[in-house]
Amino acid sequence: MKGLKYLIIVVSAFLLSLIFVGCTTTRINVGHVGVKVKLAGSERGVQDMQLKTGWVFFNPLTEQVVEFPTSVQNIVLSASPHEGKTVDESITFSSIEGVNANADVGFSFHIDPVLAPHLYARFKQSDMQELAYGYMRNVIREAFSDVASKMPIQEIYGAGKTKMLNDVVAKCKDSLGKDGVVIDQLTINGALRLPENVAQAINNAMAATQNAIQSCLLYTSPSPRDRGNH
């Protein structure tokens, strides 16, 4: 009987130790970074140092560990219910004349591990999809609005589209980078959507310009007879 009691005590102690370890440790997976949050005490709040991959010890009564993915995330802001979210997440912005343009935008990003504690402290959010379709989309929309408001619609729709996009990317990197969001790529997917009458007017103007250039080239080119005389 004494041996049985001793065995029960040993097994019970072992099980209790397993429960204790299970409750006081967590694993930060590869491609993620952890943030420790103090729930009580004088140091209450998000801790400045990120937790790297591996096992982490914490006090479940006074601490919480939040995990962030640091791998690249790909997001589509589209009007189509078959891409990204089922609601219209496309970006609308206005030219210097006040003409509205709409675009499907795609972007990829990752989280700077060093700034992960700052990001969580500000938004109390570790779901990258929620951050992308909320906070990041708002920053991107404001960047498009700011840049496009200084450009004529014909430039936005034509040769100035690349410059507009480069300026938008620069603004987004500056704004989001402060919070630890690193923009890897940002693109306009497909053609810009304009009011039908505006798009038609621009296309007509571009066609007229091309015709005028071709006519000028034909007018100034020497005829075969002239070329033979030289």
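**View 1. Packing of helix α5 in the predicted model.** The buried residues of α5 pack against β7 (91-94), α3, α4 (153-157) and β9 (181-193). These buried residues are M164, L165, V168, V169, C172 and L176, and, seen down the axis of α5, they fall within an arc of 135°, so they line one face of the helix. Behind such an arrangement is the geometry of an α-helix, which has 3.6 residues a turn, so that residues three or four places apart point the same way. The helix comprises 17 residues (161-177), which at 1.5 Å a residue should span 24 Å, and the C-alpha atoms at its ends are indeed 24 Å apart.

**View 2. The largest nonpolar core, with F144 and its contacts.** This core has 49 residues, and those with the most contacts inside it are F93, F107, F109, F144, M164 and L186. Its largest share, 12 residues, comes from helix α3 (residues 128-148). Leaving aside residues up to four places away in sequence, F144 touches I91, F93, V105, M164, L165, V168, L186 and I188.

**View 3. Two of the 4 aromatic pairs.** The ring centres of F93 and F144 are 5.1 Å apart and the ring planes lie at 20°, so this pair is stacked. Because F93 lies in strand β7 and F144 in helix α3, the pair ties together parts that are 51 residues apart in sequence. F93 is buried, with a relative accessible area of 2%, and F144 is buried as well, with a relative accessible area of 0%. In the pair formed by F123 and Y135, the centres are 4.3 Å apart and the planes at 40°, so the pair is tilted. F123, in helix α2 (residues 116-123), and Y135, in helix α3, tie together parts that are 12 residues apart in sequence. F123 counts as partly exposed at 24% relative accessibility, whereas Y135, at 14%, counts as buried.

Notes: Residues numbered from 1 in each chain as written. Predicted model: local features only at pLDDT ≥ 70, side-chain atom pairs only at ≥ 80, totals over all residues. Heavy atoms only, no water. Core = buried A, V, L, I, M, F, W, Y, C linked by side-chain atoms within 4.5 Å. Buried < 20%, exposed > 50% of the residue type's maximum accessible area, 1.4 Å probe, protein only. Helix = DSSP H or I, 4+ residues; strand = E, 2+ residues; numbered from the N terminus. Contact = heavy atoms within 4.5 Å. Expected span 1.5 Å × (residues − 1). Arc of directions from axis to C-beta. Phe/Tyr/Trp six-rings, centres within 6.5 Å; stacked < 30°, edge-to-face > 60°.
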